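I set down here, entry by entry, what I looked up in this structure. I begin with backbone details and end with the overall totals.

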Amino acid sequence: MKDKDMASAASPRSHGDREEIARLLPAPAETRLSPEQHLHHKERLLNQIDNDRAGQSRPEPRRMPRFVVPATALALACAVAAGITLTGHEQDDVSAQRDSTVSMRPAAALLDQISAAAGKRDTPVVRDDQFVYTRKKIREADLTSGTAVLSPLKDFEKWLSQEPGPVRKQGLVRTDGETAAINAELGDADGTPAGMSRPTYRWLSSLPTDPDELLTYLYANTPLIEEREPDQAVFDTIGYLLGGVMPPDTAAALYRAAAKIPGVTDTPKIQDAIGREGIGIAREDTRYGNRTEWVFDREDFTFLGSSSTLTKETPYGKPGTLLSSSAEIGHGVVDEAGHRPADADAPEANRAS
């Protein structure tokens, strides 16, 4: 989850309305959303209900098409989001803008170093019958009260099935000791196959390793949400894929692809959710007023975590309000969901990408 995009306004609602809406929303522990994506969808659903009550007409949402490469609709475009893709002249315009703005700016130079380091890392090859284990520390904002209220730091663990699919049970997630199943994506009656919303090691290995080809694929296959900037959508998709166990060539290509996205900047000094200082790569969605940052170790350029922050005044917070924050603690490969790798409790164990 995220899984990190908020609507620009919110109307007052009664406590009963919010309870009913909350009941209709999927449980956060069973979704593939990042914290900021979950909050965004929640707020969009509330806004849509307000609009319907006001008698405003809204276009019928279009479902995301399936693509040749196994990929279901991203969780960031599930149930409450309308998905579209860039095609034809729109794709050409995006490519032209991207090519015209790419240069060896500081962010691109830093991502080149991060990419080179990622390509040299030794990572285990994962079998289809195994599970990739991820452990993080996370903080996330709750909007139930109408104001962003940041949670305490939580321990988060995930076991993701590596079966090509389709699978009805994608794995397990455990937050502060409470364990829940990760079910198939909404609409996947026969189960969810490997793809963008369930990135298995084998699927990641199938992605193009040429950064231009990879970026073209990401722009074509990343769902968009109304006002959201396409460049930000692709940047967040790359961030969603980072941090786990993945082929070194794929990790290197993702970073080089990110360097070509317009608006990407570097942040010389930044911290993850547990206070580890590093260097950052960031991008702001100026339409939504949301800034996403990735944190990297200064010495070996490993991925330490990410965060999402408001950059505009909203009903639920002022500029600078933290919406989510994470710190990568460890990764590994296990034979059974719910089991930890032998060194899972070692500090900063097995940071993979």
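**Entry 1: backbone details in loops.** I located Phe301 in the loop between β8 and β9. I am working with a predicted model, and I keep that in mind for each entry. Phe301 is not a glycine, yet I read a positive phi of about 65° for it. I then asked whether Phe301 counts as buried or exposed. Its relative accessibility is 14%, and because the cut-off for buried is under 20%, Phe301 counts as buried.

I looked for other residues of this kind and noted Asp176, also not a glycine, with a positive phi of about 50°. Asp176 sits in the loop that runs between β4 and β5 (178–183).

I also checked omega at the bond joining Gly165 and Pro166, and found a cis peptide bond with omega of about 0°. Pro166 belongs to the loop between β3 (154–161) and β4 (169–175).

**Entry 2: Ser151.** I placed Ser151 in the loop between β2 (149–150) and β3. Its relative accessible area is 10%, so I list Ser151 as buried. Which residues does Ser151 contact, once neighbours within four places in sequence are left aside? I found Arg139 and Glu140. I also took the C-alpha separation of Ser151 and Ala141, which are 10 residues apart along the chain, and obtained 5.9 Å.

**Entry 3: the nonpolar cores.** I turned to the largest nonpolar core and counted 39 residues in it. Ile238, Ile281 and Trp294 are the residues with the most contacts inside this core. I listed the elements that give two or more residues to it: the helices α4 (106–119), α5 (201–206), α6 (211–221), α7 (230–241) and α8 (248–258), together with the strands β7 (277–285) and β8 (290–296). Which element gives the most to this core? It is α4, with 7 residues. A second core, separate from this one, has 6 residues, among them Ala141, Leu143, Leu310 and Leu323.

I followed Trp294 further. Not counting residues up to four places away in sequence, Trp294 touches Phe235, Ile238, Gly239, Leu242, Ala258, Ile270, Ile279, Gly280, Ile281, Phe303, Gly305 and Ser306.

**Entry 4: α8 and its cover.** I examined how far α8 is enclosed. Of its 11 residues, 9 are buried, so α8 is largely enclosed by the rest of the structure. The buried ones are Pro248, Thr250, Ala251, Ala252, Ala253, Leu254, Tyr255, Ala257 and Ala258. The cover over these residues includes α4, α5, α6, α7, β8 and β9 (303–310).

I next took the pairing of α8 with α4. Their axes come within 7 Å and cross at roughly 175°. The two helices are therefore roughly antiparallel to each other, since angles over 145 degrees count as such. On the α4 side I noted Leu111, Asp112, Ile114, Ser115, Ala116, Ala118 and Gly119, which meet Pro248, Ala251, Ala252, Tyr255, Arg256 and Ala258 in α8.

For α8 with α6, I found axes that come within 8 Å and cross at roughly 75°. These two helices are therefore roughly perpendicular to each other. Here Pro211, Leu214, Leu215 and Leu218 in α6 meet Ala253, Leu254, Arg256 and Ala257 in α8.

**Entry 5: α6.** I then asked at what angle α6 and α7 pack. The angle is about 110°, with the axes 10 Å apart. That makes α6 roughly perpendicular to α7. I recorded their crossing as right-handed. Leu215, Leu218 and Tyr219 of α6 make this contact with Pro230, Asp231, Val234, Thr237 and Ile238 of α7.

Within helix α6 I also looked up Tyr217. With a relative accessible area of 12%, Tyr217 is buried. The C-alpha atoms of Tyr217 and Leu207, 10 residues apart along the chain, are 8.6 Å from each other.

**Entry 6: overall totals.** I closed with counts for the protein, which has 8 helices and 10 strands. Of its 353 residues, 56% count as buried. I computed an accessible surface of about 15,300 Å², with 51% of that area belonging to carbon and sulfur atoms.

Definitions and conventions:
Residues numbered from 1 in each chain as written. Predicted model: local features only at pLDDT ≥ 70, side-chain atom pairs only at ≥ 80, totals over all residues. Heavy atoms only, no water. Core = buried A, V, L, I, M, F, W, Y, C linked by side-chain atoms within 4.5 Å. Buried < 20%, exposed > 50% of the residue type's maximum accessible area, 1.4 Å probe, protein only. Helix = DSSP H or I, 4+ residues; strand = E, 2+ residues; numbered from the N terminus. Contact = heavy atoms within 4.5 Å. Areas by Shrake-Rupley, 256 points an atom, 1.4 Å probe, with all protein chains shown as cover. Axes fitted to C-alpha atoms, helices over the stretch in contact; angles between N-to-C directions. Parallel < 35°, antiparallel > 145°, perpendicular 65-115°, else oblique. Left-handed = near helix turned anticlockwise from the far one by under 90°.
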